[in-house]
Amino acid sequence: MLRVHSTMPSINGYKVRILLSMLNVPFERVDIDMYGGEHKREPFLSLNPFGQMPAMQDGGFTIADSHACLVYLARKYDPANRWLPNDAEGEAKVAEWLSKSANEVHQGPWMKRAKIRRPDAIKLPDEEIDARCDHVLGIMDGHLRERDWLALDHPTIADVSCFAPISLLKISGYDTDKWDNVTRWLDGFRTLPGAIDPDGKPFA
Ligand SMILES: N[C@@H](CCC(=O)N[C@@H](CS)C(=O)NCC(=O)O)C(=O)O
């Protein structure tokens, strides 16, 4: 069975679990004790020498980094190529938002949540993190004014990747309600078949 190695609260692990659920692919989550530093030693380092979660194993294939996992899953388990189109323009548009997710979204919304979990590791002041969230969500809100999804006219792995950290902002003390179009996008994502919360439960 496909295995996802990740601590439960990992937002990057959550991205992968969302797509697995949406694609209806059975998997086993192998828990990693992040607070005990299990991801910084063997055998985890053999899966990802960078010592970061998630890492994934599918048969004899090993892949680490949430976005690489999303690309692999979409290509392998979505024969219709909806989640990751295979035409040049569509694939590039998805890649554009995956990059934003790995950079701007990671440096703002992801950090907002991560600081709650690991205040020892994230030293950035709250005001700076909030300003980064305002910056990226302001741009996203404008982008979503005339559209429902980030990259294309239907949901893709770009939405999966950005949804995970941004959907957790509200419970982390950042009010996403002030961004109308981002709120509509979050609500729309929650209604998609197979969409799950971080505990693996369907949204009510
Ligand atoms: N670019 C990586 C980032 C992975 C990452 O930052 N993972 C976090 C958990 S969400 C982690 O392993 N943090 C522990 C650490 O870096 O020591 C990805 O997208 O998977």
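## Helix α6, a covered segment

Buried here means under 20% relative accessible area. With that cut-off in hand, look at α6 in this predicted model: I157, A158, D159, V160, S161, C162, F163, A164, P165, I166 and S167 are buried. Put as a count, 11 of the 11 residues of α6 are buried, so the helix is mostly covered.

What does the covering? Among the elements over the buried residues of α6 are α1, α3 (66-77), α4 (88-117), α5 (126-143) and α7 (180-190).

## How α1 meets α6

One of those covering elements, α1, is worth a closer look. Helix α1 spans residues 11-22 and α6 spans residues 157-167; their axes come within 9 Å and cross at roughly 130°. The pair is therefore oblique, and α1 goes past α6 with a right-handed crossing.

On the α1 side, the contact uses I11, Y14, K15, I18, L19 and M22. Facing them from α6 are I157, V160, S161, F163, A164, P165 and S167. Sorted by class, this contact has 10 nonpolar, 2 polar and 1 charged residues. As a reminder on helix geometry, an α-helix has 3.6 residues a turn, so residues three or four places apart point the same way.

## The α4 and α5 pair

Now for two more of the elements that cover α6, namely α4 and α5. Their axes come within 9 Å, with a crossing angle of roughly 140°. That angle makes α4 oblique to α5, and the crossing is left-handed.

From α4, the residues making the contact are W97, E104, V105, Q107, G108, P109, M111, K112 and K115. From α5 come D126, I129, D130, R132, C133, V136, M140 and H143. The class tally for this contact is 8 nonpolar, 3 polar and 6 charged residues.

## Cysteines without a bond

How many disulfides turn up in a search of the whole structure? The search finds 0. For C69, the closest cysteine sulfur belongs to C162 and sits 16 Å away, which is too far for a bond; a disulfide needs the two sulfur atoms within 2.5 Å. C69 has 0% relative accessibility, so it counts as buried.

C133, already met in the α4 and α5 contact, is in no disulfide either, since the nearest cysteine sulfur, again that of C162, is 13 Å away. C133 also has 0% relative accessibility and counts as buried. C162 itself is among the buried residues of α6.

## After α6: T176 in the loop

Follow the chain on from α6 and you reach T176, placed in the loop between α6 and α7. Is T176 buried or exposed? Its relative accessible area is 3%, so T176 is buried.

Leaving out residues up to four places away in sequence, T176 touches L137, I166, L169, K170, T183 and L186. One of these partners, I166, is itself a buried residue of α6.

## Over at strand β1: V4

Strand β1 covers residues 2-5 and holds V4. With a relative accessible area of 1%, V4 is buried.

Which residues does V4 contact, once neighbours within four places in sequence are set aside? They are V16, L20, F27, E28, R29, V30, P54, A55 and M56. For a sense of distance along the fold, V4 and F44 are 40 residues apart along the chain, and their C-alpha atoms are separated by 12 Å.

How values were computed
Residues are numbered from 1 along each chain as its sequence is written. This is a predicted model: local features need pLDDT of at least 70, side-chain atom pairs count only at pLDDT 80 or more; totals for chains, interfaces and linings use all residues. Side-chain values use heavy atoms; hydrogens and water are left out. Axes are lines fitted to C-alpha atoms, for helices over the stretch in contact, and angles run from 0 to 180 degrees between N-to-C directions. Helices (H or I, at least four residues) and strands (E, at least two) are DSSP runs, numbered from the N terminus. Angles under 35 degrees count as roughly parallel, over 145 as roughly antiparallel, 65 to 115 as roughly perpendicular and the rest as oblique. A crossing is left-handed if the near helix is turned anticlockwise from the far one by less than a right angle, and right-handed if clockwise. Contact means heavy atoms within 4.5 Å. Ala, Val, Leu, Ile, Met, Phe, Trp, Tyr, Cys and Pro count as nonpolar, Asp, Glu, Lys and Arg as charged, and the others, Gly among them, as polar. Buried means under 20% relative accessible area, exposed over 50%, partly exposed in between (1.4 Å probe, protein chains only).
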